[in-house]
Amino acid sequence: MIDSQQKRMNVLITGATGLVGSITCKLLLADGHQVFALVRANSERSLLAGIQSRINWVEGDVLDPGSLEQAMEGMDYVVHAAAVVSFVPKDRPMMYQVNQRGTANVVNACLQFGVRKLCHVSSIAALGRPDSRKLATGSTVVLNENQKWEDSPENSEYAKTKQLAELEVWRGIAEGLEAVIVNPTLILGEGDWGKSSTQIFRYVYQENPFYTEGVANYVDVHDVASVIIRLLFSEISGERFLLNAGNISYKDLFFMIADAMGKRRPRYAVGKTLAGVIWRVEAVRTWLLGTKPLITKETAQSSARKITYDHSKIKNTIGFEFTPLQDTITRVCESLKAGV
């Protein structure tokens with residue numbers, strides 16, 4: 001193993017202003033490393049409040065190879081966390097551009113400048129989902145890193161973009177790049193609760209009456225960042241790791257959040273039929289208001305699936321222990337309530 005404490009390293013992070021990227025920045029700075037953040041000029045940086053002056057800001061974009069090349073010069077390591085996460089049809093062209101072409105640009109720049117290692121922050125979605133028509137009704141499916149992508153109506157457009165992004169990383173590895181991939185499940189953490197997975201906390205805080213059937217696989221954002229750093233400074237390369245602390249029914253997850261928030265628990269289960277009605281109503285409402293829907297056709301479908309993920313590889317490889325869910329929910333809820 002490489003001892004990251006013996007020498008201060010230069011680490012470039014794309015997506016530093018997001019949930020995973022911001023925590024990764026904080027942990028790297030705490031270890032004494034130099035953090036460089038590739039950001040667009042108008043990026044919102046509230047998740048990095050209090051440490052902005054300690055970060056070396058590099059203006060650029062993963063879709064601009066020239067700015068990436070400037071950012072890569074002198075870097076020892078790279079964490080690629082920049083991505084577009086959306087289940088809204090109008091966002092698909094940009095999602096493909098950023099997630100696939102942006103990752104290809106990052107890989108190319110890493111190869112050009114000879115960085116020691118890249119850690120690509122992928123998603124559990126990149127594994128794909130088995131075609132439910134081939135599975136026994138009501139069965140629970142357990143997937144691990146050996147899951148092979150298959151074309152399936154269960155795969156969202158977001159999943160397809162992340163799978164294509166991973167192919168770019170594997171291509172880089174074949175060309176001599178040292179790299180690792182992490183595939184987090186539902187990331188729970190202190191973020192902007194108007195964005196990404198943190199919207200779940202806002203949904204419960206607003207005392208919405210519905211909860212969906214199905215199973216949620218989850219992981220603490222601090223665990224994701226910790227694994228990224230441990231893998232980055234290790235001799236491990238050419239591997240992918242699922243990051244999943246465990247699974248819980250959406251009902252129990254919503255109940256735990258409601259209790260921690262001091263809010264009324266959701267009361268009505270949303271089955272397949274009602275979920276189909278709700279996402280259509282939500283689509284009309286957000287179209288009229290010009291906002292993004294919290295529930296879409298794709299999210300309604302995925303929330304009803306019974307799929308879990310095996311985390312034994314990361315536990316056995318680096319001896320990692322995940323944060324208990326109750327600790328995560330308590331911490332996140334206290335943080336979010338303090339900001340209300």
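Biologist: Leaving aside its neighbours within four places in sequence, which residues is Ser-22 in contact with?

Modeller: This is a predicted model, so keep that in mind throughout. Once the neighbours within four places in sequence are set aside, Ser-22 is in contact with Ala-16, Leu-47 and Leu-48. The residue itself belongs to helix 1, which covers residues 19–30.

Biologist: Is Ser-22 buried or exposed?

Modeller: Look at the relative accessibility. Ser-22 has 2%, so it counts as buried. Now set another serine beside it: Ser-226, which is located in helix 6. Ser-226 has a relative accessible area of 25%, and therefore gets the label partly exposed.

Biologist: What is Ser-226 in contact with, apart from its neighbours within four places in sequence?

Modeller: Leu-27 and Phe-320. There's also a nice pair to look up on the screen: Ser-226 and Ile-23 are 203 residues apart in sequence, yet their C-alpha atoms are 8.9 Å apart in space.

Biologist: Let's zoom out. How many helices and strands does the protein have?

Modeller: The count is 11 helices and 14 strands. Of the 340 residues in the protein, 51% are buried. For contacts between residues at least 6 apart in sequence, 78% join residues at least 24 apart.

Biologist: How do I read a pair of helices?

Modeller: Two numbers describe packed helices: the angle between their axes and the distance between the axes. Try helix 2 (residues 65–72) and helix 3 (residues 92–113). Their axes come within 9 Å and cross at roughly 40°. Helix 2 and helix 3 are therefore called oblique to each other. As for the hand, helix 2 passes helix 3 in a right-handed crossing.

Biologist: Which residues make the contact?

Modeller: Helix 2 brings Pro-65, Leu-68, Glu-69 and Met-72. From helix 3 come Asn-105, Val-106, Ala-109, Cys-110, Gln-112 and Phe-113. Sorted by class, the contact of helix 2 with helix 3 has seven nonpolar residues, two polar ones and one charged one.

Biologist: On to strands. How many residues of strand 7 are buried?

Modeller: Start with the accessibility of each residue, then check which way the side chains point. In strand 7 (residues 179–184), six of the six residues are buried, so the strand is largely enclosed by the rest of the structure. Ala-179, Ile-181 and Asn-183 point one way, while Val-180, Val-182 and Pro-184 point the other way, and all are buried.

Biologist: Which strands does strand 7 pair with, and in what sense?

Modeller: Follow the bridges. Strand 5 (residues 117–121) runs parallel to strand 7 and is joined to it by four bridges. In that pairing, Cys-119 stands opposite Val-180. Strand 11 (residues 239–243) also pairs with strand 7 in the parallel sense, over five bridges. Here Val-180 has Glu-239 as its bridge partner, and Pro-184 stands opposite Leu-243.

Biologist: How many of the residues of strand 11 are buried?

Modeller: Four of its five, so to speak of it as mostly covered is fair, and that is what the model shows. 

Biologist: There's another sheet I'd like to understand. In what order do its three strands come?

Modeller: The order is 8-10-12, in an open sheet with mixed pairing. Strand 8 (186–188) and strand 12 (246–249) stand at the edges with a single partner strand each, so one side of each has no neighbour in the sheet. From one strand to the next, the twist averages 45°.

Biologist: How many bridges link strand 8 and strand 10?

Modeller: Three, and strand 8 pairs with strand 10 (residues 215–220) in the parallel sense. Find Ile-187 and you'll see Val-219 of strand 10 opposite. Then look for helix 6 (residues 221–232), which lies across strand 8 and strand 10 and runs at about 55° to strand 10. That is the helix where we met Ser-226.

Biologist: One last try, with a loop. Where is Gln-147 found?

Modeller: Gln-147 is in the loop between strand 6 (141–143) and helix 4 (157–174). Being in a loop doesn't settle the burial label, so check the number: Gln-147 has 16% relative accessibility and counts as buried. Beyond its neighbours within four places in sequence, Gln-147 is in contact with Leu-127, Gly-128, Pro-130 and Arg-240.

Key
Residues are numbered from 1 along each chain as its sequence is written. This is a predicted model: local features need pLDDT of at least 70, side-chain atom pairs count only at pLDDT 80 or more; totals for chains, interfaces and linings use all residues. Side-chain values use heavy atoms; hydrogens and water are left out. Axes are lines fitted to C-alpha atoms, for helices over the stretch in contact, and angles run from 0 to 180 degrees between N-to-C directions. Helices (H or I, at least four residues) and strands (E, at least two) are DSSP runs, numbered from the N terminus. Angles under 35 degrees count as roughly parallel, over 145 as roughly antiparallel, 65 to 115 as roughly perpendicular and the rest as oblique. A crossing is left-handed if the near helix is turned anticlockwise from the far one by less than a right angle, and right-handed if clockwise. Contact means heavy atoms within 4.5 Å. Ala, Val, Leu, Ile, Met, Phe, Trp, Tyr, Cys and Pro count as nonpolar, Asp, Glu, Lys and Arg as charged, and the others, Gly among them, as polar. Two strands pair if DSSP finds at least two bridges between them. Buried means under 20% relative accessible area, exposed over 50%, partly exposed in between (1.4 Å probe, protein chains only).
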